[in-house]
Amino acid sequence: MSEQRKKGMVVIDLSEIGKRIRKARLSQGFTQQELADRCGFTKSLLSKIENGQTASAIATLSKIADHLKTPLAWFLEENREEHLVLSPQNKRTSKIGSKEMGYLYETLANRSRFSKIEPVLVTVPLDIDTTEPFTHPEEEFIYIVSGAIVLYYDGDKHILEEGDTAYFSGSKPHIFLPHGDQEAKVLSVFIQPST
């Protein structure tokens with residue numbers, strides 16, 4: 001993936017995300033209009049995303065991933081291996097698509113598109129821009145590594161602090177936001193439902 005290094009982070013190339021969305025859409029036989037209608041936004045927005053002309057909120061990317069039955073991280077990951085996946089700490093870097101996406105993501109294992117488990121270290125900054133809950137098809141397990149978050153899940157509010165965990169279905173609207181005066185780090189493991 002083409003990347004730009006900035007302050008120790010890797011900025012995800014929006015055109016690469018767009019190419020992957022287009023590839024997944026075409027492989028399933030959707031037109032841009034059909035996918036946009038299913039996701040509830042305009043064909044123009046989808047076209048801009050696919051052409052790398054605009055950054056998308058995680059909620060928007062999540063809707064696209066859901067309707068394409070593709071893990072969200074498949075659009076964001078750099079490399080995907082089929083068998084053994086080693087990810088030394090000194091070779092991993094935080095990733096961010098845009099300020100609008102909100103969270104910083106560090107993939108802990110570059111994996112196959114068809115893997116059932118996807119571990120990600122999420123940094124929840126204090127100045128997060130998005131507060132719109134989103135859904136995804138995977139189940140999710142989270143472990144609060146440091147700091148604290150407010151987990152909004154299906155209309156309920158839960159405060160989770162360092163060492164706390166939660167396991168939930170991604171099909172209900174949810175989001176986690178910072179709680180207190182420091183950013184939080186959350187180990188998030190997405191588990192594909194069995195088919």
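Start with valine 150: its bridge partner in β10 is leucine 177. Keep in mind throughout that this is a predicted model.

**Stop 1: the β7–β10 pair**

Widen the selection to residues 148-153, strand β7. Strand β7 is joined to β10 by 5 bridges, and the two run antiparallel. Strand β10 covers residues 174-178.

Now add β8, residues 156-161. You have an open sheet of 3 strands, in the order β8-β7-β10 and paired antiparallel. Which strands stand at the edges? They are β8 and β10. Each has a single partner strand, so one side of each is left without a neighbour in the sheet. On average, neighbouring strands here are turned by 25° against each other, direction ignored.

Colour by pLDDT while you are here. Among the elements of the chain, strand β8 has the highest mean value, 96.

**Stop 2: strand β6 and its partners**

Select residues 139-146, which form strand β6. Add strand β9, residues 165-169. The pair is antiparallel, with 5 bridges. For a landmark, pick tyrosine 143: threonine 165 of β9 stands opposite.

Next, bring in strand β11, residues 184-191. Strand β11 is joined to β6 by 7 bridges, again antiparallel. Here the landmark is glutamate 139, with isoleucine 191 of β11 opposite.

If you are following side chains along a strand, expect an alternating pattern: in a regular strand they alternate between the two faces of the sheet.

**Stop 3: helix α3**

Move to residues 43-50, helix α3. Which residues of α3 are buried? Show Leu46, Ile49 and Glu50. These three span an arc of only 95° around the axis, which puts them on the same side of α3. The spacing has a simple background: an α-helix has 3.6 residues a turn, so residues three or four places apart point the same way.

What covers the buried residues of α3? The cover includes α1 (14-27), α2 (32-39) and α4 (58-67). Just after the helix, click glycine 52, which takes a positive phi of about 70°.

**Stop 4: α1 against α3**

Keep α3 and add α1. Their axes lie 7 Å apart, at an angle of about 120°. The two helices are therefore oblique to each other. On the α1 side, the contact is made by Leu14, Gly18, Lys19, Ile21, Arg22 and Arg25. On the α3 side, Leu46, Ile49 and Glu50 make it. Those α3 residues are the buried ones from the previous stop.

**Stop 5: helix α2**

Select α2. Show Gln32, Leu35, Ala36 and Cys39, which are buried. Their arc around the axis is only 100°, which puts them on the same side of α2. Covering them are elements that include α1, α3 and α4. Glycine 40 comes just after α2 and takes a positive phi of about 85°.

**Stop 6: where to read with care**

Zoom out and colour the whole chain by pLDDT. The mean is 77, and 73% of residues reach 70 or more. Where is the lowest mean among the elements? Go to strand β1, residues 3-6, with a mean of 40. Over residues 1-10 the pLDDT is below 50, and the model gives this stretch 28 contacts beyond near neighbours in sequence.

Finish at residues 79-83. Here too pLDDT stays under 50. The model has 12 contacts for these residues beyond four places in sequence.

Note on methods:
Residues are numbered from 1 along each chain as its sequence is written. This is a predicted model: local features need pLDDT of at least 70, side-chain atom pairs count only at pLDDT 80 or more; totals for chains, interfaces and linings use all residues. Side-chain values use heavy atoms; hydrogens and water are left out. pLDDT is the predictor's confidence in each residue, from 0 to 100. Helices (H or I, at least four residues) and strands (E, at least two) are DSSP runs, numbered from the N terminus. Contact means heavy atoms within 4.5 Å. Two strands pair if DSSP finds at least two bridges between them. Axes are lines fitted to C-alpha atoms, for helices over the stretch in contact, and angles run from 0 to 180 degrees between N-to-C directions. Buried means under 20% relative accessible area, exposed over 50%, partly exposed in between (1.4 Å probe, protein chains only). The arc is that of the directions from the helix axis to the C-beta atoms. Angles under 35 degrees count as roughly parallel, over 145 as roughly antiparallel, 65 to 115 as roughly perpendicular and the rest as oblique.
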